[in-house]
Every structure is written in structure tokens, then in C-alpha cells.
Amino acid sequence: MEIKCKRLATASAAVVFLLLAALYFAGECVRAEANSAPPYWEGADASGAIVKGDDCPVVVEKETLDLKISTLPSGGEIELSSYCSEAVAEYFFYNPTELDVSMTLLFPFGVFPSYVPSGAEDEVSAVTVDGDRAECRVRYSYAPNSSFDTDRDMGRICDDKKRDAFYREDLPVSEYRFELTAPKTDCVLKLKLSFNPKKTRLLFPADSYARTCIADGDMYAYIHLHGAGKTAGSFYAAGEPLSAIVPKLYDGDVELSGGVDSFEREETTFVRFVDERKGDLPVGEIDWYNAFVDMLNGQNERDGSVDRFELSAGNLMRWYEYEMSIPAKGRAVNRVRAPLYPAVDGRKNSRYMYTYLLSPAAKWADFHKIEINIETPYYLSNSSLGFLENRNEAGGFRYTFSRDSLPQGELTFVLTEKSIGDGLNDGGTNFMLPSLTWAFVTLLILAVIAAVVTVIVVLSLRKKKK
């Protein structure tokens with residue numbers, strides 16, 4: 001009897017173990033699905049109007065910000081002609097002084113997001129002053145992957161080409177073009193380069209996949225070669241030409257026979273070098289030149305090299321620039337319309353993340369009141385500000401916020417096409433899908449029943465034995 005009791009207990013325990021194991025691995029499957037890397041597309045931050053210059057006496061009595069979001073990007077490339085999402089900012093200005101005020105305003109509206117077709121041109125937004133259309137132009141500045149800083153980024157907008165301490169328009173630039181035959185796939189071209197880092201800077205294009213380092217007091221550049229056979233590439237030396245170049249081919253740590261078939265040098269000037277890289281981007285000559293200089297200085301290493309330089313639509317901040325005047329003790333209403341491009345997190349219930357920079361408004365002499373409205377058919381899942389939710393006439397949502405001062409921080413919010421309350425995951429939260437949830441519950445009930453049956457059987461057998 002004791003042997004039967006042990007066998008029954010062992011069998012019951014095995015059942016419980018198998019059920020619990022099934023429960024565990026089912027849970028692991030759900031966790032893997034929730035944490036798998038989703039598609040992601042960068043968006044573009046938007047901001048309010050900023051006065052160019054310091055000590056502006058103008059007061060913002062009220063700002064009304066209407067964010068009208070009728071369509072969402074679905075990833076890939078969007079059709080700009082049918083895309084309809086914009087910010088409409090209206091400023092009620094007051095000049096409290098006894099003098100007329102003329103000012104230049106800048107309205108930054110972000111970089112081109114990754115899902116906007118390459119080569120797309122900026123449509124100058126409708127900028128009005130007291131109902132009359134204002135003359136407006138689009139300006140550009142270098143915008144690296146960092147937070148927006150009002151003073152720093154405004155300082156990058158200049159009316160003339162910058163006079164940099166190193167990069168001058170007539171600075172010599174040498175292009176070094178090489179051709180070689182790679183005997184194997186994934187070889188590395190190792191270059192030992194001799195130059196004076198105070199008088200020369202090495203520039204490697206982003207598509208060269210180069211990296212540089214210093215070893216034993218010498219500068220080395222490593223250029224990864226994709227595929228075997230004939231290949232070509234180039235890099236640049238701004239300033240004095242290189243005094244020596246020693247090229248070698250490697251497969252891992254093994255030096256390969258052969259080497260570079262040809263090495264040619266061609267010299268140009270820095271201003272021509274910069275102009276040749278603009279392509280078909282709709283950027284003015286001065287803005288492009290200044291952005292290029294800022295980009296090179298921002299990426300410059302202490303060793304005198306710039307690895308993987310690139311200036312494109314993806315790192316150019318776009319600004320509206322326009323003029324307006326306000327008479328002494330007078331008022332004016334300024335209205336600006338600009339496109340809105342969210343960052344996209346393409347999960348099952350995709351998240352569309354918007355950022356609107358409020359902090360630049362602190363540059364005005366005073367700021368009294370702000371009203372923010374979000375008109376959209378989509379769900380507001382979270383926000384940095386406390387919006388009130390209402391239904392609009394079209395059956396969509398109207399989210400509203402108002403305050404008698406400028407809020408601290410920036411406005412960030414997330415829209416989703418489906419309500420978060422539908423059981424779908426929101427930004428990585430580990431919610432279970434309904435079908436799997438019922439499976440878990442069933443397994444758990446069976447496991448509890450098996451455990452109870454085991455205990456009852458064991459106690460019963462012991463009682464009979466006695």
C-alpha cells in the first residue's frame with residue numbers, strides 16, 4: 001500500500017510539474033512577443049515663435065496652440081499631398097513701451113523625419129500678422145541628435161558665411177581616391193597616415209564606414225570593404241596634404257598579399273568641396289555652408305579626424321523666418337501654421353509620439369496665458385500636461401489645456417489608433433492577449449485541482465493503512 005501511495009503521489013506531482021511548466025513557457029512566449037524590437041521611425045520636434053536678438057520688450061498676452069491631427073504616418077514613406085497634421089499657433093502680442101518695435105522672428109519646426117520622401121521641398125507655411133500674409137522664408141541649421149537649445153540653435157542661423165577658426169572658404173582640400181582588388185569578402189583596408197593635426201583634418205564620408213585610432217603615436221584609419229573584387233573609395237584631408245600614406249589589406253589579423261592598385265590625389269577648395277555635397281536639397285548657399293561647418297566642428301575628434309561625416313535632410317533643422325512690427329503701446333496678432341511629424345513606434349497598437357517645445361517662449365519679456373487644443377480622431381494615451389477630453393462635432397476628440405502662465409518643460413503626448421483599454425499593449429507593458437489569458441487561467445485551475453486531488457489521495461491512503 002505504501003508503494004502505491006508513493007507512486008500515486010509521484011504521478012500527481014508530475015502532473016502538477018508539467019502543468020506549471022506549460023504555464024511558465026506560455027508566459028515566456030508572451031514576454032518574448034511583448035519585448036521584441038518593433039519598427040521605429042524618427043519624427044520631428046516643433047516649437048513656438050522665438051524673437052531673434054536680446055532684450056525684446058514685447059509681451060505675449062495669450063498664445064493659442066491648435067494641434068490638428070487628422071492623419072498619421074504608417075511607416076515607410078508618406079504622401080505629402082494627402083498628409084494632414086499641423087500646428088497652428090496664434091500669438092497676441094503687446095508692446096508696452098513708448099517706441100515702435102520691429103523684430104525678426106524664428107519659428108523652428110523640426111528636421112525632415114525619416115518617413116518623408118527624400119528630396120521633398122518645404123512649402124512655406126502661412127504666416128500672417130493681423131490677418132495679412134507676412135513675407136516668410138525657410139532657413140536651415142545643423143541639428144545633431146541632441147536636445148533643442150534655444151540660444152545655441154538660434155546662434156547657428158547667420159546671414160553671412162561663418163568665419164571659422166579652421167574651415168575657411170579658400171582652405172585647400174585634398175581628395176584621396178583609391179582603387180584595389182579585395183581577394184576576400186569583408187576585408188579591411190588599414191591606412192597609416194602622417195600629417196600635422198594642427199594644420200590638417202581628415203574627413204571620412206559616412207558611406208566609407210571608416211574609423212580612426214592612434215597607436216604608438218601614429219594615426220591609423222580602418223575602412224571596411226564589402227565584398228570581394230574591384231572596389232573604390234575616397235577620403236579627404238582639409239588643410240595641408242598628407243605627408244605619407246601606407247596602405248595594407250587585412251582579413252582579421254592576417255595581412256593579405258597585394259594591396260591598393262592606385263592612389264590618386266586631387267585638390268580643391270573648401271567652399272567648392274562643401275557646395276558639391278548639397279545635391280538637390282532645397283537649402284540656400286549660406287545656410288548649407290554654415291550647417292556644414294557646424295557639422296564638421298561638432299564631429300571633430302581630438303586626433304584631427306572626422307569619422308563618417310554626413311549632412312542631410314535628417315540633421316537639418318528647419319525654421320520659418322519673418323519680420324513684424326508693433327507700434328508703441330500697440331498690439332498685434334501673429335499666426336503661424338507648420339506641419340507636425342511624430343515619431344512612430346510600430347507595435348501592434350502603434351504609438352505616435354509628438355513633441356512641441358514650449359521653453360523657447362521664455363525669451364519673451366513676459367508670457368501671460370496659453371491655451372492648447374488637440375483636435376484628432378485618435379486616442380490620447382498619455383501627455384506631459386493634464387488635458388481635458390471632449391467630443392467634437394465630427395465624432396472625434398478635442399483635448400484641451402489652459403493655464404495663466406507658461407508651463408514648465410515641453411509638451412509631449414502620445415496618440416494611438418485604438419484605445420489602450422482594449423487590452424492591447426501600450427509601450428511595452430506586458431499585457432496578455434485574451435486567448436492566451438484564458439489558456440493561462442485554465443492551466444492554473446487544472447494545476448490547483450491536481451494538487452488538491454494529490455493531497456486528498458495521500459491522506460486517504462494513509463488513513464486506510466492505519
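In the predicted model, four strands form an open sheet in the order E3-E6-E20-E9, and their pairing is antiparallel. Strands of a sheet pair through backbone hydrogen bonds, in either a parallel or an antiparallel sense. The edges of this sheet are occupied by strand E3 (50–51) and strand E9 (136–142); each has a single partner strand, so one side of each is left without a neighbour in the sheet. At the E3 edge, the antiparallel pairing with strand E6 (residues 101–110) extends over two bridges. Within this pairing, Ile-50 has Leu-106 of E6 as its bridge partner.

A helix is packed against the sheet at E9 and E20. Helix H4 (residues 285–299) lies across E9 and strand E20 (316–326), and runs at about 20° to E9.

Charged side chains were examined next. Side chains of opposite charge can pair when their charged atoms come close. The count of salt bridges in the model comes to 26. In one of these, the side chains of Glu-98 and Lys-329 meet with an N to O distance of 3.7 Å. Glu-98 is located in the loop between strand E5 (85–94) and E6, whereas Lys-329 is located in the loop between E20 and strand E21 (331–339), so the pair ties together parts that are 231 residues apart in sequence. The two residues fall into separate accessibility classes: Glu-98 counts as exposed because its relative accessibility is 62%, over the 50% cut-off, while Lys-329, at 42%, counts as partly exposed.

A further salt bridge involves the edge strand E9. Asp-159 pairs with Arg-137, and their closest N and O atoms are 4.0 Å apart. Since Asp-159 belongs to the loop between helix H2 (150–154) and strand E10 (172–182) and Arg-137 to strand E9, this salt bridge ties together parts that are 22 residues apart in sequence. Arg-137 has a relative accessibility of 44% and is therefore classed as partly exposed. The pair also belongs to a network of salt bridges that links Arg-137, Arg-139, Asp-159, Asp-287 and Glu-321.

A salt bridge is also formed between the side chains of Arg-177 and Glu-175, with an N to O distance of 3.3 Å. Arg-177 is partly exposed, its relative accessible area being 29%.

Note on methods. Residues numbered from 1 in each chain as written. Predicted model: local features only at pLDDT ≥ 70, side-chain atom pairs only at ≥ 80, totals over all residues. Heavy atoms only, no water. Pairing = 2+ DSSP bridges. Contact = heavy atoms within 4.5 Å. Axes fitted to C-alpha atoms, helices over the stretch in contact; angles between N-to-C directions. Buried < 20%, exposed > 50% of the residue type's maximum accessible area, 1.4 Å probe, protein only.
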